[in-house]
Amino acid sequence: MKKADDYTSNATQFTNRGEDQEKCFHLCTLRRCSKTAIEKTCSLQQHQEEGKSFETCVSLPAQAPGFTDLYESKNLDDIDTQKSTLEEIIQAVEDDTIQIVGINGLGGVGKTTLASEVASKMNNQFEDTVFITVSKTLDARMIQEKEELELEKLGIPCRSKYPNYKILLTSRSKDICVANNAQTNVSVNPLQGEEAWTLFERVVGKSEWDDRLKKVALKIVKECGGLPLFIQALGKALKDKEIRMWEVALRRLQAPIDGDVTYKKEGLLQLKLSYDHLENEVAKSCFLLCSMFPEDGNIGLKRLTHYGLALGIFNNPDSIHDTKDKVQEAVESLKSSFLLLPVDYNYSFRSRLEEEEEEVFKMHDLVRDMALFITFKGNDKFLVQSGKGLTEWKPRIDCIKNYKKISLMENNICKLPDYELDLPHLDTFLIQYNKLTIVPDEFFWGMKELKVLDMWGNKISSLPQSLKQLTVLRLLDLYGNKVCEISILGELTCLEILKLREFDIGRPGDPRKPGHKRCLDVLGYSSLTMPIRKLIQLAEWLRLSGIEDLDSILPDLYQEVFDELKYISLSSCDNVKSLVKTCDLDAMHAWNECGPMKTNGKFFSQVERIDLGYLNGLELLWDNPHQYISFCNLVEIRINNCSSLLKLFPMSVAQGLVNLRVLIITHCESLVAVISDGGEQTTGNGIELVKQDTDIMFTLTKIFLIGLSKLESFYSGHTTIKYPSLEDIQVHDCPSMKRWSYVENHIPNIKFEHQGRECSINDYIGGQQEMTGNFTKMKGSWDF
């Protein structure tokens with residue numbers, strides 16, 4: 001393809017020159033141009049013939065599926081109200097004079113469903129479909145009086161100069177549609193009696209009814225007010241239940257709501273039945289916790305799991321795995337009851353709060369209203385003011401005393417009350433992603449039952465003294481703040497989950513840290529204080545990123561032990577020159593006042609994986625074998641974008657990597673060789689230099705070398721190497737690589753062929769580079 005581009009470019013330049021010469025055309029020019037044209041034509045024809053052999057074996061990455069590819073059309077047979085409305089919307093979209101079509105109606109009436117149906121049915125007429133949600137906290141009257149919602153600032157073309165764009169604007173408010181220049185508005189009406197019954201039958205999966213049950217079911221459907229959301233939610237809740245439960249549901253639907261006519265009109269009671277019929281108490285608790293997140297906001301599985309764990313809603317699970325499984329089960333139950341909606345990460349805008357979430361979901365705004373209604377009316381009272389645009393919080397003390405949970409997340413709050421708040425029952429306080437720089441010392445004195453405190457994403461530089469009164473606190477999230485002095489945390493004896501700046505103490509079950517008990521992220525510190533170093537020494541899973549003064553792991557972070565470290569990740573630490581400075585270990589050992597180093601064996605003997613990335617100063621991992629270090633359990637090394645790395649390690653070190661299976665090196669522009677023989681010296685541990693007539697055996701199964709512009713060979717020494725387990729080699733964009741090594745290599749699981757004959761890996765690479773400048777060899781045999 002690259003050659004084809006070159007040929008095309010040259011041909012274009014040639015023809016353009018011919019046009020410029022037309023004015024002074026003569027026989028010599030004609031002869032010269034004709035000869036050149038014939039040569040270029042022959043080259044193009046030959047290249048075209050050579051390309052035919054690739055037509056059946058070259059694949060291009062498929063485009064990620066879009067919304068309309070994943071959407072499953074709804075069955076609207078015998079539901080004429082929605083069918084006719086759907087046709088009306090389609091006609092409006094097909095009208096060339098209309099760009100913005102407003103779709104309005106009661107919450108839960110099916111506006112979004114009909115918009116999705118239009119997108120699905122008209123998929124072939126448009127290049128792409130995009131869905132964007134705008135919260136209803138925008139003031140409709142303000143929009144009418146002062147300004148319209150500027151859709152173009154959201155990246156939505158909406159003027160006459162974009163005639164091929166069509167916008168479906170769904171809202172409960174017709175005024176919102178008018179204010180945003182909708183040329184036509186289509187109202188979505190509730191289903192009529194027979195239609196509502198048809199939909200209900202489909203949801204519960206029944207076509208034959210007992211007379212008594214059908215009588216109750218018809219009354220239940222009537223109470224749903226023709227709203228598909230409620231019909232489906234109730235149908236799911238009552239499906240396969242005994243008639244007694246149907247009768248209980250009907251009585252509750254027909255009962256008054258303490259005179260609250262507004263909520264009756266909105267149909268919250270109907271939705272509440274779906275909640276009441278949840279048999280899983282964990283699902284109920286998780287559902288109410290979800291209402292604390294902002295309207296139309298995504299809710300993360302990981303964050304929800306941590307909240308629930310700290311609040312003790314899981315009945316003392318044995319492990320984090322059990323907790324996560326229970327939350328996942330609860331979420332699936334809520335999805336199947338239409339109380340939570342799935343969100344595909346590929347098509348959602350991820351906020352900073354969602355960066356590490358493996359799964360997100362959301363609430364229909366009407367369902368969230370119902371959840372808030374439950375928490376406001378019940379004994380377990382919630383105060384939820386998340387995503388309201390608040391700049392400060394000054395509650396009336398007499399009005400908040402009985403609340404158990406308060407959510408102020410995702411506002412612009414920069415100031416909190418500088419006096420004690422009497423909140424004796426409060427167990428959850430969420431104020432993440434605001435603009436706090438300080439929390440008054442008195443603020444937490446009256447919150448002694450607090451178990452969950454989330455202050456993620458503020459700019460807090462110091463912790464208030466009242467924090468030490470939170471003796472039952474189990475979760476504290478300070479991630480994203482700038483707190484330096486954390487000694488007060490030592491008094492929080494019940495704390496189980498702690499997240500600090502650019503500083504994350506993980507728990508088992510984190511998908512990035514499988515199977516490890518003590519996981520630690522340290523991000524963005526200029527220097528590592530003694531408490532942090534103590535934590536590092538106790539970690540099984542360790543990631544250090546953006547640490548300015550870090551020079552090496554050993555001896556820089558040495559204090560006492562590294563007995564249990566199994567995973568190391570270093571990234572963006574520009575001063576790191578090597579992973580281990582073995583030349584300093586003897587001096588450090590002699591200087592140690594406590595006598596011999598306190599290790600149960602050797603340093604790094606339990607390490608299984610090393611990840612290194614964007615270490616601009618890294619020159620080598622470790623130089624020589626040493627009596628205090630061992631990487632005998634190392635299984636995998638990944639190195640990416642380390643621009644100063646010349647050689648990975650000498651052969652005398654490589655010999656000790658007896659369990660190394662995977663080696664991946666990418667975009668290290670200075671790397672000349674992976675393994676070398678030069679420069680080694682014996683140390684006092686009895687390991688001898690490798691002799692040239694000694695065969696070496698590596699246990700590697702996979703080697704990837706990608707984007708290494710100066711790499712000349714994998715091994716630059718003169719020792720015969722055997723690779724009995726190697727099954728997968730990939731080399732890409734390594735233009736200087738002319739051979740694998742300077743000696744014989746035994747790779748029994750991969751067959752190399754050059755020009756129809758079996759050959760060595762050295763001959764194969766040489767021939768491949770001579771013809772194409774690149775080399776790829778994967779599992780099985782390969783013929784070049």
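Let's start inside helix 10. Its buried residues are Pro228, Leu229, Phe230, Ile231, Ala233, Leu234, Gly235, Ala237 and Leu238. That makes nine of the 11 residues in the run 228-238, so helix 10 is largely enclosed by the rest of the structure. After the helix comes aspartate 240, with a positive phi near 65°. One caution before I go on: this is a predicted model.

Next, the aromatics. A pair of rings is described by the distance of the centres and the angle of the planes. The structure holds 19 aromatic pairs. I'll take two of them.

Phenylalanine 714 and tryptophan 740 are stacked. Their centres are 4.5 Å apart, with 10° between the planes. Where do the two partners sit? Phenylalanine 714 is in strand 24, residues 713-715. Tryptophan 740 is in the loop between strand 26 (728-732) and strand 27 (745-746). So the pair ties together parts that are 26 residues apart in sequence. Buried or exposed? Phenylalanine 714 is buried, and tryptophan 740 is buried too.

The second pair is phenylalanine 752 with tyrosine 764. Here the centres are 5.3 Å apart and the planes meet at 55°, so this pair is tilted. Phenylalanine 752 belongs to strand 28, residues 752-754. Tyrosine 764 belongs to helix 22, residues 761-772. The pair therefore ties together parts 12 residues apart in sequence. Both phenylalanine 752 and tyrosine 764 are buried.

There is also a cluster. Trp197, Phe200, Trp209 and Trp246 are linked by ring pairs. One of these rings has a charge over it: the charged end of lysine 206 sits over the ring of tryptophan 209, 5.7 Å from its centre. Another lysine does something of this kind elsewhere. Lysine 284 lies over the face of tyrosine 275, at 5.3 Å from the ring centre.

On to salt bridges. Side chains of opposite charge can pair when their charged atoms come close. How many salt bridges does the structure hold? There are 17. Three of them deserve a slide.

Take arginine 212 and glutamate 247. Their side chains meet in a salt bridge at 2.8 Å, N to O. Arginine 212 sits in helix 9, residues 211-223. Glutamate 247 sits in helix 11, residues 243-254. The two are 35 residues apart, and the pair links distant parts of the chain.

Now aspartate 380 and lysine 405. The closest N and O atoms in this salt bridge are 3.7 Å apart. Aspartate 380 is in the loop between helix 17 (365-377) and strand 7 (382-384). Lysine 405 is in strand 8, residues 405-407. These two are 25 residues apart. What is the accessibility of each end? Aspartate 380 has 33% relative accessibility, so it counts as partly exposed. Lysine 405 has 6%, so it counts as buried.

Stay with strand 7 for a moment. Valine 384 is found there. At 16% relative accessibility, valine 384 counts as buried. Its C-alpha atom is 5.9 Å from that of isoleucine 406, although the two residues are 22 apart along the chain.

The third salt bridge joins arginine 474 and glutamate 496, at 3.3 Å, N to O. Both partners are in loops. Arginine 474 is in the one between strand 10 (452-454) and strand 11 (475-477). Glutamate 496 is in the one between strand 11 and strand 12 (497-500). They are 22 residues apart. Arginine 474, at 23% relative accessibility, counts as partly exposed. Glutamate 496 is partly exposed as well, with a relative accessible area of 39%.

Salt bridges also form a network. Arg609, Asp611, Glu636 and Arg638 are linked in it.

Last topic: empty space. Rolling a probe the size of a water molecule over the atoms shows where it is left. A search of the whole structure finds four cavities of 30 Å³ or more. I'll show the second largest, with a volume of about 70 Å³. Which residues line the second largest cavity? They are Phe649, Ala654, Leu657, Leu660, Leu663, Ile675, Phe698, Thr699 and Leu700. By class, this lining divides into eight nonpolar residues, one polar and no charged.

That's the tour. Questions, please.

Terms used:
Residues are numbered from 1 along each chain as its sequence is written. This is a predicted model: local features need pLDDT of at least 70, side-chain atom pairs count only at pLDDT 80 or more; totals for chains, interfaces and linings use all residues. Side-chain values use heavy atoms; hydrogens and water are left out. On a 1 Å grid over the protein atoms alone, a cavity is a set of points where a 1.4 Å probe fits but cannot get out, and a pocket is an open set with protein on both sides within 12 Å along at least five of seven lines; lining residues have an atom within 4 Å of a point. Grid points are joined across faces, edges and corners, and a volume is the space filled by probe spheres set on the points. Ala, Val, Leu, Ile, Met, Phe, Trp, Tyr, Cys and Pro count as nonpolar, Asp, Glu, Lys and Arg as charged, and the others, Gly among them, as polar. Rings of Phe, Tyr and Trp (its six-membered ring) pair if their centres lie within 6.5 Å; planes under 30 degrees apart count as stacked, over 60 as edge-to-face and the rest as tilted. Helices (H or I, at least four residues) and strands (E, at least two) are DSSP runs, numbered from the N terminus. Buried means under 20% relative accessible area, exposed over 50%, partly exposed in between (1.4 Å probe, protein chains only). A charge sits over a ring if NZ of Lys or CZ of Arg is within 6 Å of the ring centre and within 35 degrees of the ring normal. A salt bridge is a side-chain nitrogen of Lys or Arg within 4 Å of a carboxyl oxygen of Asp or Glu.
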